[in-house]
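I opened the notebook to look up side-chain contacts in one structure. I wanted rings first, then charges. The entries follow.

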Amino acid sequence: SDHMENICGYLMKYTNLVTGWQYRYFVLNNDAGLLEYFVNEQSRHLKPRGTLQLAGAVISPSDEDSHTFTVNAASGEQYKLRATDAKERQHWVSRLQICTQHHTEAIGKNNPPLKSRSFSLASQGSANSPGVQRRPSQNAVSFFNVGHHRLPTGKRVPIMQPDHLVDVREMMSQAEGQQRDLIRSIECLPASGHLTSLDQDLLMLKATSMATMNCLNDCFHILQLQHASQQKGSLPAGTTVSWLEPKISLANHFKNGAAQNFPAEINKPASVREEQSIAEPCQLTREPEEINPDEELEDICDDKEDDLGAVEEQRSVILHLLSQLKLGMDLTRVVLPTFILEKRSLLEMYADFMSHPDLFIAITNGSSPEERMIRFVEYYLTSFHEGRKGAIAKKPYNPIIGETFHCSWRMPKSSVATDAGTSSSAHTPSEQVTLPKDPEGQAEPDYYTVKFVAEQVSHHPPVSGFYAECVERSMCVNAHVWTKSKFLGMSIGVTMVGEGVLHLLEHGEEYTFSLPCAYARSILTVPWVELGGKVNINCAKTGYSASINFHTKPFYGGKLHRVTGEVKQNMTNTVVCRVQGEWNSVLEFTYNNGDTKNVDLTKLSVTRKRVRPLEKQGPFESRRLWQHVTESLRDGDIDKATEHKRALEERQRNEERLRAETETPWCTKYFLKDGDGWVYHKPLWKTVCAAQTQQTDSN
């Protein structure tokens, strides 16, 4: 590769609290996969002062500033380095990452034998002595004796026979017990002194021991499958061997290493037994259910998420969780602690993005394609503020496959903006798409109704589909979102993969749009949410498009939650509107005629959604499904909430396993697979098309 070049230069290296930062001359040796440093350039011909093997290393730009980055070697040694500016840091980081990837892949191809390590607790007496001085990289080595064991030369490991699996299971149990003892020993260390339970090397040791046991459990499961296939003759057609959920629950290490002992099945609350015993979803009716908006009542639930106490009290839990994660790790299968959860499902969070239905309905009232695009951008940018509940970055419940959420909004027609200040109900019949009339001939209500439905259509990957429509204004929106979460060090990033389409049937226009990434920052202190990335909105028919940038906060200075964007006509490349501001505060729209408009999101009226009472909801509707978890969180009973949450997740895993064994595909209820996306089974554009066909036939 052209980028596989040896580079060298001065960087600042952090040594310790006494010496601080010092200039050192660094050399990246791509051929050997080494990062070496010297006192200065003149001493380059001498032996390096330090060397790091880059194979298996992790190169991480720091959140502290735009100059600092770290090199974490597979051996556990770490270099904390600082460049002169952001450009130089990016140069070093990119070259180091390329070299690291090259040599890591080379090791994987060569497949060398792995060394096994045994850890035994050493005497703490000498380590606790005030006279002992330890470098940060020696924390774990001072506490643990590390021994390497090799097989005698020329001897091969005998092939594991199926009847040896019982012995393996026994050894695995012993290893799991030793691993738990190791975790407890670390967490029983004092909170201050030379060696603490939050020592970076010990946290890394906890993480690697956890990962090792999970990997061994997965391998053991594969051996069991092979054993079963030998007994049956062969695996059933279509059977796949996949990686499993972690066998050692993260929750077992939440409370200072002590495993949580939940009561036996007979002693579990009735609500938990009910959650575990709900029938397989496909055995329930999977026919779409028509929800009558008249049965829905205005939502009185007001769960604010401003409780800082839980985050402060559970910081040790977060540290233990972080010690089990790696940079870039996919968090889809990681069981997160219950106290960081919002008291709502992700499906309901998508509904809360629709909390300004007046702005949504007003889009189609725009008198020109340009105005309609600008109105859609205004609605789009105002939707995120209400979608977030409170200032703290908490996580909604991961929807269970087959889970649904229904709600609606009623908006007085007089409250919806029109094209020229006229009543929104004053459109002539020729301007509107003809829909089937109410058979009962009831008087037309003085409000618009926006109906919403969401469904979790897939578990792995986690994909949600949602759909909203306003029949009176002949408009609807259909979207599918795949949430991909990754661990980024001191933050968590969530990528919203998918696409939405707004249909304005009155004008024959379709607006495609995407969603920004979300980041939970400062997860060790008070976590907060930040949006980032570029999104595009396009209307192929009119040729108008919008480009919106959600800016993440720079390392020094700058504003939080900043957003900029522009709307333009593609054929002439003319910008017709620019927008800037903060997506949770004030937005300023500047039009090409010089006019400006400010939108203060904190003063926008929020229309409460309407939801059916719990007793009228189906067993897989979000609020009824998660009601016991939500009630426990409201009561502050984290243990009980965890128990209910675990029961739901375990039931989902059992059902998924059963479907895999019986080769039964999952049946969705409201959404149908359409290429790479998902579409509502009865979208408004189909209803309108059928009505127009019927009207043509009658004429």
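**Entry 1: aromatic rings**

I looked up Y467 first and found it buried, as is Y680. Buried here means under 20% relative accessible area, exposed means over 50%, and partly exposed lies in between (1.4 Å probe, protein chains only). I note that this is a predicted model, where local features need pLDDT of at least 70, side-chain atom pairs count only at pLDDT 80 or more, and totals for chains, interfaces and linings use all residues. Residues are numbered from 1 along each chain as its sequence is written, and side-chain values use heavy atoms, with hydrogens and water left out.

I then searched the whole structure for aromatic pairs and got 20. The rule takes rings of Phe, Tyr and Trp (its six-membered ring) with centres within 6.5 Å; planes under 30 degrees apart count as stacked, over 60 as edge-to-face and the rest as tilted.

How far apart are the ring centres of Y380 and F384, and at what angle are their planes? The centres are 5.2 Å apart and the planes stand at 80 degrees, so I logged the pair as edge-to-face. Both residues sit in helix α10 (residues 369-387), 4 residues apart, about one turn of the helix. I used DSSP runs for these elements, numbered from the N terminus: helices are H or I with at least four residues, strands are E with at least two. Y380 and F384 are both buried.

I went back to Y467 and Y680. Their ring centres are 4.2 Å apart and their planes are at 10 degrees, so this pair is stacked. The pair links distant parts of the chain. Y467 is in strand β15 (residues 463-470), and Y680 is in strand β28 (residues 677-680), 213 residues apart.

I also found a cluster linked by ring pairs. Its members are Y350, F353, F376, Y380, F384, W409, F452, F466, Y511, F513 and F550.

**Entry 2: charges over rings**

I asked which charged residues sit over the rings of Y14 and W21. For Y14, the charged end of K80 lies 5.6 Å from the ring centre. For W21, R82 lies over the face at 4.0 Å from the ring centre. The rule asks for NZ of Lys or CZ of Arg within 6 Å of the ring centre and within 35 degrees of the ring normal.

**Entry 3: W626**

I found W626 in the loop between α11 (622-625) and α12 (627-634). Is W626 buried or exposed? W626 has 2% relative accessibility, so it counts as buried. I listed its contacts, meaning heavy atoms within 4.5 Å. W626 touches S345, Y397, N398, I400, E403, K645 and L648, leaving out residues up to four places away in sequence. The side chains of W626 and E403 share a polar contact of 3.0 Å. Such a contact is a pair of N or O atoms within 3.5 Å; within protein, one must be able to donate a hydrogen and the other to accept it, and residues adjacent in sequence count only if both atoms are side-chain atoms. I also checked P399: its C-alpha atom is 9.4 Å from that of W626, with their positions 227 residues apart along the chain.

**Entry 4: salt bridges**

I counted 21 salt bridges. Each is a side-chain nitrogen of Lys or Arg within 4 Å of a carboxyl oxygen of Asp or Glu.

E289 and R612 form one of them, at 3.4 Å from N to O. They are 323 residues apart: E289 is in the loop between α5 (270-277) and β10 (297-298), R612 in the loop between β26 (610-611) and α11. E289 is partly exposed at 35% relative accessibility, whereas R612 is buried at 7%.

K682 and E290 form another, at 3.7 Å from N to O. K682 lies in the loop between β28 and α14 (684-698) and E290 in the loop between α5 and β10, so the pair ties together parts 392 residues apart in sequence. K682 is partly exposed at 45%, and E290 is exposed at 54%.

I closed with a network of salt bridges. D299, R344, E348, D352, K609 and R623 are linked in it.
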